[in-house]
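Please open the structure in your viewer and keep the sequence panel beside it, since each stop on this tour begins with something to select.

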Amino acid sequence: MGVDVDHARVDAFLKAADTADPAAPQQTAPVRPRRRKPTNWVEEARSQAAGCDTLDALKAAIESFEGSPLKAAAHSTVVYDGTPEASLMVIGEGPGAEEDRKGLPFVGKAGQLLDRMLAAIERSRETNAFITNVNYWRPPGNRNPDQEELDVCRPFVDRMIELTKPKLIVAAGGVPAKALLDTQDGIMRLRGSEHVFTTAGGYSVPLIPLLHPAYLLRRPQEKSRAWRDLLLVEQRLGELGG
């Protein structure tokens, strides 16, 4: 028993299939050209820092800078806190966990001790001290920043000093003291005396290394040394008119 085939309908169907529009090509998102990455991030930092004439502009440049390998894992870019026109600038090594969360330097337990130390010589970030770091992003596990991480921040550090023009710098801890003075000497050899720091742009300022507050929390027996160093800071600020 067969099936009757309507040849006219079959011919019409095949003809329609032959003349149908081909499937429209799949739409794809336009390809955006990738931003060219500088081959030398230190040079890029130097160029950006040199173009900043105000502290606000410098802060914005640091926050938008993509040259530090630490930035991707950090929560915040921690630039500075305190009084920009202060005669005293305190420079630490970089943010820890609490600083990374709050976006401000020296706000954890070590920062609280630093505030008490400054108060002992009648200084505070609210009125007459300015606080920053040699590195603006938290290293994983709170390790010390390595040389590459310090190098890409250095042009910004120098420019910040040139813009704020402190009369005296305190380097809080071995990392900033060694980085700023370009030495391999440890903090115990560097502390207790005054050094001279000169930026790439030629601004010179006295620098006094100080034991890091976190170290003093671990070794409170060293606080007498820190107190002597604070008295030197107080004395020099008086002599410098600060």
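The tour goes from the whole chain to a group of paired strands and then to a loop.

This is a predicted model, in which local features need pLDDT of at least 70 and side-chain atom pairs count only at pLDDT 80 or more, while totals for chains, interfaces and linings use all residues. Residues are numbered from 1 along each chain as its sequence is written, and side-chain values use heavy atoms, with hydrogens and water left out.

Begin by selecting the whole chain, which has 10 helices and six strands; these are DSSP runs numbered from the N terminus, helices being H or I with at least four residues and strands being E with at least two. Of the 242 residues in the chain, 44% are buried, where buried means under 20% relative accessible area, calculated with a 1.4 Å probe and with protein chains only.

Next, select residues 168-172, which form strand E4. Five of the five residues of E4 are buried, so this strand is largely enclosed by the rest of the structure. In a regular strand the side chains alternate between the two faces of the sheet. If you show the side chains of E4, you will find Leu-168, Val-170 and Ala-172 pointing one way and Ile-169 and Ala-171 pointing the other way.

Which strands pair with E4? Add residues 88-92, strand E2, which pairs with E4 in the parallel sense over four bridges, and note that Leu-88 has Leu-168 of E4 as its bridge partner; two strands are said to pair if DSSP finds at least two bridges between them. Then add E6, which also pairs with E4 in the parallel sense over four bridges, with Val-170 partnered by Ile-208 and Ala-171 standing opposite Pro-209.

Stay with E6, residues 204-210, and colour its residues by accessibility: six of the seven are buried. Now select E5, residues 195-198, which pairs with E6 in the antiparallel sense over four bridges, one bridge joining Thr-198 to Ser-204. E5 and E6 form a hairpin with five residues between them, and Gly-202 in the turn has a positive phi of about 100 degrees.

Finally, select Thr-183, in the loop between helix H7 (174-181) and helix H8 (187-190). Is this residue buried or exposed? Thr-183 is buried, with a relative accessible area of 18%. Leaving aside neighbours within four places in sequence, Thr-183 is in contact with Ala-177, Lys-178 and Leu-190, contact meaning heavy atoms within 4.5 Å. A polar atom of the Thr-183 side chain also lies 3.1 Å from the backbone nitrogen of Asp-185.

Definitions and conventions
Buried means under 20% relative accessible area, exposed over 50%, partly exposed in between (1.4 Å probe, protein chains only). A polar contact is a pair of N or O atoms within 3.5 Å; within protein, one must be able to donate a hydrogen and the other to accept it, and residues adjacent in sequence count only if both atoms are side-chain atoms.
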